[in-house]
Amino acid sequence: MTLTSPPRHQRTDDDQPPRRRGVRRLLGGASLVALAGVGVALFSAQLGETTASHTELPVQDTVLAEPSELGTGESGDSPASEADGAENPDGRLQFGTTAFDTEYAGIGKLSPGLRDALQAATRDAQSAGVSVMVNSGWRSVELQEQLLQDAVAEYGSKEEASRWVASPETSLHVSGDAVDVEGNGASDWLATNGASYGLCLTYLNEPWHFEYQAAASTNECAQPYADPTHDSRLRG
Ligand SMILES: [Zn+2]
């Protein structure tokens, strides 16, 4: 894997780097069409998701780059096939990906309960004028390890990094049991409405991170942790 941009964790999540880093890579080598698509998509996202102009799901084709742009393999790899999500075999997702884009590994390898719940929620949110896009879903062990190494470089120690980035052994993303959604519009909508789908906020400091709790739809979500350091599941 080649990573050419420095690690940046603008949000203190184990969970966010793929999109922003991917976008930067797109800007470096993608076609002008893709560049324009990313620019428009980013701009509209930054304007906020509750605006009337943001009621349609973005057209994903406009932001796709060649597999070689995505840093997902060494040079000389054979071309990826769509069937196994190999354009992004490590789980990195392009901006604009939704729960319906199951051809991508980051979506297709989510646990079925989570994926089905997120698809239902995405549909209903869309009816309410809110786009639910997925920044990150399932991740490979290699991608999670890369994110952890990036965080160690940024925070200066493995101990400090571990407050923000789960290990490949414990990450709920690696097991396909967590998604990070894009933007306040989506996270606010899911925080308010997600429980009826079994979609629950897990960490108060990561408002974009949701997991599936089968019992939530009939009861309610478990109390979220203040942050991942309080989550015994992550002490692997
Ligand atoms: Zn997450």
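The chain contains 7 helices and 4 strands, and in this predicted model the elements follow one another along the sequence in the pattern α-α-α-α-β-α-α-β-α-β-β. Of the 236 residues in the chain, 49% are buried. Among the contacts in the chain with a separation of 6 or more, 63% are made by residues 24 or more positions apart. The accessible surface amounts to about 10900 Å², and carbon and sulfur atoms contribute 52% of that area.

Strand pairing was examined next. Strand S2, which spans residues 178-181, pairs with S4 in the antiparallel sense over 3 bridges, and within this pairing Val179 has Phe210 of S4 as its bridge partner. S4 also pairs with S3, again in the antiparallel sense and over 3 bridges; here Leu199 is found opposite Tyr212 of S4. S4 is thus a partner of S2 and a partner of S3.

A search of the whole structure returns 1 disulfide, which joins Cys200 to Cys221 with an S to S distance of 2.1 Å. Distant parts of the chain are linked by this pair, since Cys200 belongs to strand S3 (residues 199-201) while Cys221 lies in the segment after strand S4 (209-212), the two cysteines being 21 residues apart. The link of Cys200 and Cys221 is left-handed, with -85° about the S-S bond. The two ends of the link can also be described by their accessibility: Cys200 has a relative accessible area of 0% and is therefore buried, whereas Cys221, at 24%, counts as partly exposed because its value is not under the 20% that marks a buried residue.

Helix H7, formed by residues 183-193, has as its buried residues Gly183, Gly185, Ala186, Ser187, Trp189 and Leu190. The cover over these buried residues of H7 includes helix H4 (112-127) together with S2, S3 and S4. One of the buried residues of H7, Trp189, has a relative accessibility of 13% and also takes part in an aromatic pair, as described below.

The structure holds 2 aromatic pairs. In the pair formed by Trp189 and Tyr197, the ring centres are 6.0 Å apart and the planes meet at 40°, so the arrangement is classed as tilted. Both rings belong to residues that count as buried, Trp189 at 13% relative accessibility and Tyr197 at 18%. A further arrangement involving a ring places Lys109 over the face of Trp138, at 4.5 Å from the ring centre.

The segment after S4, in which Cys221 is located, also contains Thr229. With a relative accessible area of 34%, Thr229 is partly exposed. When residues up to four places away in sequence are not counted, Thr229 touches Arg163 and Arg235. Thr229 and Val165 are separated by 64 residues in sequence, and their C-alpha atoms are 9.9 Å apart in space.

Key: Residues numbered from 1 in each chain as written. Predicted model: local features only at pLDDT ≥ 70, side-chain atom pairs only at ≥ 80, totals over all residues. Heavy atoms only, no water. Disulfide = S-S within 2.5 Å. Buried < 20%, exposed > 50% of the residue type's maximum accessible area, 1.4 Å probe, protein only. Pairing = 2+ DSSP bridges. Contact = heavy atoms within 4.5 Å. Areas by Shrake-Rupley, 256 points an atom, 1.4 Å probe, with all protein chains shown as cover. Phe/Tyr/Trp six-rings, centres within 6.5 Å; stacked < 30°, edge-to-face > 60°. Lys NZ or Arg CZ within 6 Å of the ring centre and 35° of its normal.
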